[in-house]
Amino acid sequence: GQVVSGGYFAGLGLTPAAGRFLTPADDTPGASPAAVLSHKYLKERFNADPGLIGKEIFINKVAFTVVGVTPQGFDGTLQIGQTVEITIPVSKLAQVEPDGGAFDKPGKPAYWWLHVMGRLKPGATREQARTFLNQNFQETALSLLPEPRQADQPKTIAPAHYPVLVAKQGSRGMLEMRHRYSP
């Protein structure tokens, strides 16, 4: 499965094969749990039943209403070789994985697992977007850095070692897979 923001499918410019896609209204804490199935998963797991739209399926004992189906051939935006069978809103992840490691806990922030995609406004450059987003990213990252583990480690890091965002074109897949397969 995959968790996405409510604007994920609209941002990709896709048209559902059946039903509708997730919207920002689905990605709110009070919204009823909604899910989108892949065309392939609907065919293989549910015998391509068109009547599944509007019915419930269970994900880790949580009921989700199937609201739509992705177009045939759409495998998602994960790494090369990974396909997405079920997509749910990111706001519902805590219901499906209440003990998952993707959530902040008091005194112990979660690892950073969220991939961010976006489209540039007409006339904007990747560097402008990266610069704009980097300030907030650095402030957040620096506030979450753990305390030094050893007495000889500095309490703060030098600005030259601050974490930075990397903004790359996504038309050829995720960065990690491009590097792995490029040789």
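## The salt bridge within helix α4

E127 has a relative accessible area of 44% in this predicted model, and E127 therefore counts as partly exposed. The partner of E127 is R130, and the closest N and O atoms of this salt bridge lie 2.8 Å apart. R130, with a relative accessible area of 22%, is likewise partly exposed, although this value stands close to the cut-off of 20% under which a residue would count as buried.

Both residues belong to helix α4, which covers residues 126-144, and they are three residues apart, a spacing of about one turn of the helix.

## The salt bridge between D26 and R20

The structure holds two salt bridges, and besides the pair in helix α4 there is one in which the side chains of D26 and R20 meet, with an N to O distance of 2.7 Å. Which of these residues is buried, and which is partly exposed? D26 has a relative accessibility of 8% and so counts as buried, whereas R20, at a relative accessible area of 35%, is partly exposed. Side chains of opposite charge can pair when their charged atoms come close.

## Overall architecture

The protein contains five helices and six strands, and from the N terminus on these elements follow the order β-α-β-β-α-β-β-β-α-α-α. The run therefore ends with three helices in succession, as the order of elements shows.

Of the contacts in the protein with a separation of 6 or more, 65% are accounted for by residues that are 24 or more positions apart. Of the 183 residues, 27% count as buried, and the accessible surface of the protein comes to about 12800 Å², with 55% of that area belonging to carbon and sulfur atoms.

## The cavity and its lining

The structure holds one cavity of 30 Å³ or more, and the volume of the largest cavity is about 50 Å³. The lining of this largest cavity is formed by V36, L37, S38, T70, F74, D75, G76, V84, E85, I86 and T87. The elements that give two or more residues to this lining are strand β3, residues 34-37, and strand β6, residues 86-89.

By class, the lining of the largest cavity is made up of five nonpolar, four polar and two charged residues. D75 and E85 are listed in the lining, and they count as charged because Asp and Glu fall into that class. G76 is also listed there, and Gly is counted among the polar residues.

Notes. Residues are numbered from 1 along each chain as its sequence is written. This is a predicted model: local features need pLDDT of at least 70, side-chain atom pairs count only at pLDDT 80 or more; totals for chains, interfaces and linings use all residues. Side-chain values use heavy atoms; hydrogens and water are left out. Helices (H or I, at least four residues) and strands (E, at least two) are DSSP runs, numbered from the N terminus. Buried means under 20% relative accessible area, exposed over 50%, partly exposed in between (1.4 Å probe, protein chains only). Contact means heavy atoms within 4.5 Å. Accessible areas come from the Shrake-Rupley method with a 1.4 Å probe; for residues, only the protein chains shown count as cover. On a 1 Å grid over the protein atoms alone, a cavity is a set of points where a 1.4 Å probe fits but cannot get out, and a pocket is an open set with protein on both sides within 12 Å along at least five of seven lines; lining residues have an atom within 4 Å of a point. Grid points are joined across faces, edges and corners, and a volume is the space filled by probe spheres set on the points. A salt bridge is a side-chain nitrogen of Lys or Arg within 4 Å of a carboxyl oxygen of Asp or Glu.
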